[in-house]
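Let's take a friendly walk through the open and enclosed spaces of this protein, and then look at some of its charged pairs. Please have the model open as you read.

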Amino acid sequence: MAKIIGGLTTSHIPAVGNAMAEGLEQDPYWKRFFEGYEPVKQWLDEVKPDLAIVVYNDHGLNFFLNQVPTFALGCADNYQNDDEGWGIPASADVPGDAQFSWHLAESLIRQEFDMTTCQEMKVDHGFMVPMNLFWRHHESWPLKAIPLAVNTVQHPLTSAARCFKLGKALRKAVDSYPDDLKVVVIGTGGLSHQLQGERAGIIDVEFDLQCIDKIINEPEWMTGLSNDYIMEKAGTEGIEVIMWMIMRGALSDKVDVLHKHYHAPISNTGAGVLLLTDAQ
Ligand code: DHB
Ligand code: FE
């Protein structure tokens, strides 16, 4: 049977894509940030997952504001990256697993999460930066990936509570797949950042660290927060943190923390990394 062997989270800041493309990892601005990924990369190379479910938000590459699904699942055998205007070279296509995706879609829809299914889907920095952070040291992608896009851009948005429930449904969906597959779930985005308006540039380190602690130890806390409150604290784009709750919902009630890292600022954002497993 397929099994979720771990949950990861990471911010997906496009400037990180540029730093990787330019080889700036040892640069004083970037060094501590990139060091935060080394233990996770080591763990991934030891456990060798077969597949990653990458929860991210599309920022206008695949879905523009004229049509934005709340939850969309990639159901393709191949996903293409493209230039979003940052001038970062496009990454190699990422292999998918359409058969597994359709199983997830069937199971999630049966559990009342009515996913939009996408047999073609271009993936932006929200998906690609995490993939590169965790696996760019391999010659080619060492696993398959399934994009799960959550609308965190065009209001009205879904909630942390709904995302947590979706994570639980996702776990049931994975657990009921007959093939032996080791799966990791990656929640991307956040932590605090706001890219436009009067409050552009705000970062709330205290709130970020509280989110990290609560997501680990008491995820129900975040299910009680309104989107307005999260955006007041974490900035309008800080709402991306609700996607971390999909990862958390896919794990057991108690979790072990294999790695935790936070660095602010990177670009406009408080950048967090987590590696969690079900409590042993
Ligand atoms: C930044 C962060 C994001 O999550 C994003 O999608 C775009 C930009 C930033 O910090 O610059
Ligand atoms: Fe983003």
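## The second largest pocket

The second largest pocket holds about 250 Å³ of space. A pocket here is an open set of points on a 1 Å grid over the protein atoms alone, with protein on both sides within 12 Å along at least five of seven lines, and lining residues have an atom within 4 Å of a point. Volumes are the space filled by probe spheres set on the points, with grid points joined across faces, edges and corners. Of the 17 lining residues, Asn81, Ile88, Pro89, Ser91 and Asn132 lie nearest the centre of this pocket.

Helix 5 (125-135) and helix 1 (14-22) each supply at least two lining residues, and helix 5 gives the largest share, with four. Helices are DSSP runs of H or I with at least four residues, strands are runs of E with at least two, and both are numbered from the N terminus. By class, the lining has eight nonpolar, five polar and four charged residues. Ala, Val, Leu, Ile, Met, Phe, Trp, Tyr, Cys and Pro count as nonpolar, Asp, Glu, Lys and Arg as charged, and the others, Gly among them, as polar.

## How to read the model

This is a predicted model, in which local features need pLDDT of at least 70 and side-chain atom pairs count only at pLDDT 80 or more, while totals for chains, interfaces and linings use all residues. Residues are numbered from 1 along each chain as its sequence is written, chains are lettered from A and ligands numbered from 1 in the order in which they are written, and side-chain values use heavy atoms, with hydrogens and water left out.

## The largest pocket

The largest pocket offers about 600 Å³. Its lining counts 34 residues, and Asn57, His59, Leu195, Glu237 and Glu240 are the ones nearest its centre. That lining is made up of 13 nonpolar, 16 polar and five charged residues.

## Two cavities

Now for the enclosed spaces: there are two cavities of 30 Å³ or more, a cavity being a set of points where a 1.4 Å probe fits but cannot get out. The largest has a volume of about 70 Å³. Among the residues that line this cavity are Asn57, Asp58, Phe63 and Val153, and the lining has seven nonpolar, three polar and one charged residues. Asn57 is also one of the residues nearest the centre of the largest pocket. Val153 sits in the loop between strand 8 (144-150) and helix 6 (160-175).

The second largest cavity has a volume of about 40 Å³. Helix 6 and helix 10 (244-249) each contribute at least two lining residues. Its lining includes Phe164, Lys168 and Arg248, and divides into three nonpolar, two polar and four charged residues.

## Salt bridges

Side chains of opposite charge can pair when their charged atoms come close. The structure holds seven salt bridges, each a side-chain nitrogen of Lys or Arg within 4 Å of a carboxyl oxygen of Asp or Glu. One joins Lys31 and Glu35 at 2.7 Å, N to O; these residues are four apart in helix 2 (residues 31-35), so about one helical turn separates them.

Another links Glu38 to Lys41, with the closest N and O atoms 3.1 Å apart. Lys41 is buried at 9% relative accessible area, whereas Glu38 is partly exposed at 41% (buried means under 20%, exposed over 50%, partly exposed in between, with a 1.4 Å probe and protein chains only). Elsewhere, Arg171, Asp175 and Asp278 are linked in a network of salt bridges.
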